[in-house]
Number of protein chains: 2
Amino acid sequence: MSILVVGSVAYDTVETVRERRERQLGGSASYFALAALGRVPVRCVGVVGDDFRQADLDLLASRGADTAGIVRAAGPSFHWSGRYHADMIERDTLRTDLGVFADFRPEIPAAWRDSEYLFLANIHPALQLQVLEAMAGPRLVALDTMNLWIGTTRPQLLAVLARVDVLLVNDGEARQLTGERSLARAARAIADLGPRRVVVKKGEHGALWFGPEGVLAVPAVILDDVVDPTGAGDSFAGGFMRSLALAGADRTDGDTPFRAAMLDGTVTASFCPEGFSVEGLLGADETRYAARLAELLAMMTP
Amino acid sequence: MSILVVGSVAYDTVETVRERRERQLGGSASYFALAALGRVPVRCVGVVGDDFRQADLDLLASRGADTAGIVRAAGPSFHWSGRYHADMIERDTLRTDLGVFADFRPEIPAAWRDSEYLFLANIHPALQLQVLEAMAGPRLVALDTMNLWIGTTRPQLLAVLARVDVLLVNDGEARQLTGERSLARAARAIADLGPRRVVVKKGEHGALWFGPEGVLAVPAVILDDVVDPTGAGDSFAGGFMRSLALAGADRTDGDTPFRAAMLDGTVTASFCPEGFSVEGLLGADETRYAARLAELLAMMTP
C-alpha cells in the first residue's frame, strides 16, 4: 500500500520555559511521515530551500519516507519561530518566514499518482484541490486545515472538502468552519460539506471521532513531562493514516478500522511532545508503542 | 445507606446569550442532592435566608433530599450572579452576595453523625474540617474545593485533605494545588497530601480518575444544546457518590466501584446543562439515564 502526503517540510525555532532550539526539522509532512514509524513508506511532496540540510532529508529517508517528491528551490526554507507558555499549550508565533514555501506548487511525480492513501496537510486549499485532481483516485482522502484558510479562503476550502473523506481539525476549527458551538452539530454540518468522517483533535484532552456509526472519544495519553508539543497533530494524522493503510481501509468501510486508527493516532502523537522537534517520534519503538497502547486501552476501560 | 452533604443552598441569577433567569434554585448542596435522582436519600446541611422560598425546599425534599439540616437564618440567602460567554464555558461573576452564608457554621444533626458517605462541597476548609470531626467515622469522605481556598487558606485545606479519601477538583485547581503541570504528577502529589483517589473534572472534556490501580478517562456526553452549565460539577459529584453509596463502596475497596461511579457521575452531570438551574437534572428519568449510559459506553469502546 502507499501513502502520499503533501505539506510543509520546514525548520522550527522553538522556545519553551526551559530551553530554546533553533532551526530544527519540522513541518507537517515531516511529522506525518515519521509518524508512520517505518511500517509504511510515505511519499512526501513538498519544497525546501537551498539552506535545507541534506542530513534532515536523509533522516526522513532513513525512517521510511520517500523524499523524491521534496523539491529543492532557490531561497530560504519555510521557518517558523514560536514560544510556548508555561502551560505548554498556549503559544505565540514570533515569526513565520514562508521562504520557498510561499511559491510552493505541489508536483506529484507521475509514478505516485496512483497512491492509495492521500493526506492533504495544512496548506492553501486551492493547492490541496490541485493535488487531489492530479491523483488517479485514491482509496481514501484525509485533509487538515486551519483557522487562516477557514477565515480567508472559504470557497476554495469548501470546493476541496466536497471531495474529502476524513477531515481532521481541532475543536476551534470545527466550530469556526460550521458556526456550531456543539461538536456533535459541527460534525453533522461538516458531513453535509463532504467529509462523512470527522476527527476533532483536542490536544491534551484527546480526540473525538464522528463517523456514520457513531462517536468515539479517545483520551490523550497523560505524560509526566512535555518537552515540545509542536507537531503532535500531524503525528496523530500520520499514525491514523498508517493504521488505515495497514488495515487496507477505504471509504466504503464501516467505522471499525477508523476507530482503531484513532487509537494508533493517539499513541503515535503521545511520543511527539516527549522531545524537541521530531526527537520524540524517533524514540518510539515497538516495545514502547505496545506498552502505551495498552496504557491507553486501560484508560478507556471502566 | 446514607449520604450527607455540606454545602451551599443558594439562589443564582444566570445570564446566557439567549436568556436571563433570576434567583433560581442553586448551590452545591442542591445540585448534589438532586443528582442522587431520588435513588438514595441525601442529608443536606446548609443555611438559607428568610427570603428563601419554601417551595424550593419542598422541591428538594420531594426528590429525596432530607432538608432537616438546612437552617433558616435572618438575612438574605446566598445569591450568585453570573454571565456566560457565547462558548457556554467562560463566565464572568457579576456579583456574589454571601448573605447568611457568610456566617454559616455547619451543625450536623445528632442523628446524622453516623452517615456513611460524606461529601464536603466547596466551602471554607476550616468548616469542612469541623464537619469531618463531628462525624462518627464515615466509610468514605470526598471533598471539593476551589482556587480561592487553595490560594488563601492552604494550611487549613491541607489539614482537611489529610483526612479525605477522594478529592474532586478541576484541572486548573489540581495544578494550582500541587504546582505540577502534568495531571499525572499532580495526582501523585495529591495522594501524598492524603486523598489517594483524585477526580479531575474537565467540563466538556470529561473527567479523569486517578486511583491506586490506574487512570480512567471518561469523556463528557456530547450535547446538542447547552442551556446553563451551572452546577454540572456538583451534579457529577452527586452522581458519583450516589453510585458509591449504592455499591456500598469504602476506602478499602479497589478502584472498580470508583471507576463505575465515574460513569454515573458523567451521565448525571450530562443532564444538568440541558436546562436552567436544576431543571436539567429534574428531566433525568430512568429511561433517559439508561440510554445516556449506553451512549457513553459506546463512546468509550474502540
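Here are three short exercises on this structure, each with a worked solution.

This is a predicted model, where local features need pLDDT of at least 70, side-chain atom pairs count only at pLDDT 80 or more, and totals for chains, interfaces and linings use all residues. Residues are numbered from 1 along each chain as its sequence is written, while chains are lettered from A and ligands numbered from 1 in the order in which they are written.

**Exercise 1.** Work out how compact chain A is for its 302 residues.

Solution. Start with the radius of gyration, taken over C-alpha atoms: for chain A it is 18 Å. Next, the globule rule (2.2 Å times the number of residues to the power 0.38) gives 19 Å for 302 residues. The two values are close, so chain A is as compact as a globular protein of that length.

**Exercise 2.** Find what share of the residues in chain A is buried.

Solution. First, the cut-off: a buried residue has 20 or more other C-beta atoms within 10 Å of its own, with C-beta atoms placed from the backbone. With that in hand, buried residues come to 52% of the 302 in chain A.

**Exercise 3.** Describe how chain A and chain B are related.

Solution. Superpose the copies by least squares on the C-alpha atoms of residues with pLDDT of at least 70 in both. A rotation of 180 degrees, with 0.0 Å of shift along its axis, puts chain A on chain B with an RMSD of 0.0 Å. The two copies are therefore related as by a two-fold rotation axis.

Terms used. A residue is buried if 20 or more other C-beta atoms lie within 10 Å of its own, exposed if 12 or fewer, and partly exposed in between; C-beta atoms are placed from the backbone.
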